Amino acid sequence: QVQLVESGGGLVQAGGSLRLTCAASGRTLSSYIMGWFRQAPGKEREFVAAIRWSGGITYYGDYVQGRFTISRDYAKNTIYLQSNSLKPEDTAVYYCAARISGAREFGYWGQGTQVTVSS
């Protein structure tokens, strides 16, 4: 089992920045891919970014357009999502997720953290 706890969400004005944090526990993450997803009211959950714990290869959703950066901290077993130039359409609940490399689905999810961007 992998436990994931997100933090760092909040209310920010358009053009502002937030850093989301996801603290992981329960397993060694060397074989995992860690990701961020988001879900806005009335919309389907969408992929934001992911990172391979070993090697640090990163992946991003098309709409990120260089505004978001995913990173990890080995010592703290934590991943981050640095979100810059935020737009009102970035308003959503952001979820941290983990999947074993090679698995088809992300099998572990955090409880989510709300990000609200005002215009």
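In the predicted model described here, A92 has V115 as its bridge partner in strand β11. This bridge belongs to the antiparallel pairing of β9 with β11, which extends over three bridges. Strand β11 also pairs with strand β2 (residues 10-13), here in the parallel sense and over four bridges. Within that second pairing, L11 stands opposite T116 of β11.

The two faces of β11 differ in their cover: T113, V115 and V117 lie on the covered face, while Q114, T116 and S118 lie on the uncovered one. In a regular strand, side chains alternate between the two faces of the sheet.

## The four-stranded sheet

Four strands form an open sheet in the order β1-β3-β8-β7, with antiparallel pairing. Its edge strands are β1 (3-7) and β7, each of which pairs on one side only. On average, neighbouring strands of this sheet are turned by 20° against each other, direction ignored.

Two of the pairings in this sheet are set out below.

| Strand pair | Sense | Bridges | Residues standing opposite |
|---|---|---|---|
| β1 and β3 | antiparallel | five | Q3 and S25 (in β3) |
| β7 (residues 68-73) and β8 (residues 78-83) | antiparallel | six | F68 and S83 (in β8) |

Strands β7 and β8 form a hairpin in which four residues lie between them. One residue of the turn, N77, has a positive phi of about 50°.

T78 is found in strand β8. The residue counts as buried because its relative accessibility is 6%, under the 20% limit. A polar atom of the T78 side chain lies 2.8 Å from the backbone oxygen of K76. Apart from neighbours within four places in sequence, T78 is in contact with T21, C22, A23, W53, S71, R72 and D73.

## The disulfide

Which residues does the disulfide join? The link is between C22 and C96, with an S to S distance of 2.0 Å. C22 lies in strand β3 (residues 18-25) and C96 in strand β9 (residues 92-100), so the link ties together parts that are 74 residues apart in sequence. The C22 and C96 link is left-handed, with -75° about the S-S bond. The count for the model is one disulfide.

Are the two cysteines buried or exposed? C22 counts as buried at 1% relative accessibility, and C96 is buried with a relative accessible area of 0%.

## Nonpolar cores

The largest nonpolar core has 29 residues, of which L4, M34, W36, V48, I79, L81 and Y94 touch the most other members. At least two residues of this core come from each of β3, β4 (32-39), β5 (46-52), β7, β8, β9 and β11 (113-118). The surroundings of I79 illustrate the packing: not counting residues up to four places away in sequence, I79 touches L20, T21, C22, M34, G35, W36, I51, W53, S71, R72 and C96. Both cysteines of the disulfide are therefore among the residues that I79 touches, and C22 is also among the contacts of T78.

A second, separate core consists of five residues, including I33, A50, A97 and F106.

## R99 and G56

R99 is found in strand β9. With a relative accessible area of 19%, R99 is buried, because the limit for that class is under 20%. The R99 side chain reaches the backbone oxygen of A103 at 2.7 Å. Leaving aside neighbours within four places in sequence, R99 is in contact with S31, Y32, I33, E105, F106 and G107. Two of these contacts, I33 and F106, belong to the second core. Between R99 and Y60, the C-alpha to C-alpha separation is 16 Å, and the two residues are 39 residues apart in sequence.

G56 is found in the loop between β5 and β6 (58-60). At 21% relative accessibility, G56 counts as partly exposed. Its contacts, leaving aside neighbours within four places in sequence, are I51 and R72. G56 and I33 are 9.3 Å apart in space, C-alpha to C-alpha, and 23 residues apart in sequence.

Terms used
Residues numbered from 1 in each chain as written. Predicted model: local features only at pLDDT ≥ 70, side-chain atom pairs only at ≥ 80, totals over all residues. Heavy atoms only, no water. Disulfide = S-S within 2.5 Å. Buried < 20%, exposed > 50% of the residue type's maximum accessible area, 1.4 Å probe, protein only. Pairing = 2+ DSSP bridges. Axes fitted to C-alpha atoms, helices over the stretch in contact; angles between N-to-C directions. Polar contact = N/O pair within 3.5 Å; in protein donor to acceptor, adjacent residues only side chain to side chain. Contact = heavy atoms within 4.5 Å. Core = buried A, V, L, I, M, F, W, Y, C linked by side-chain atoms within 4.5 Å.
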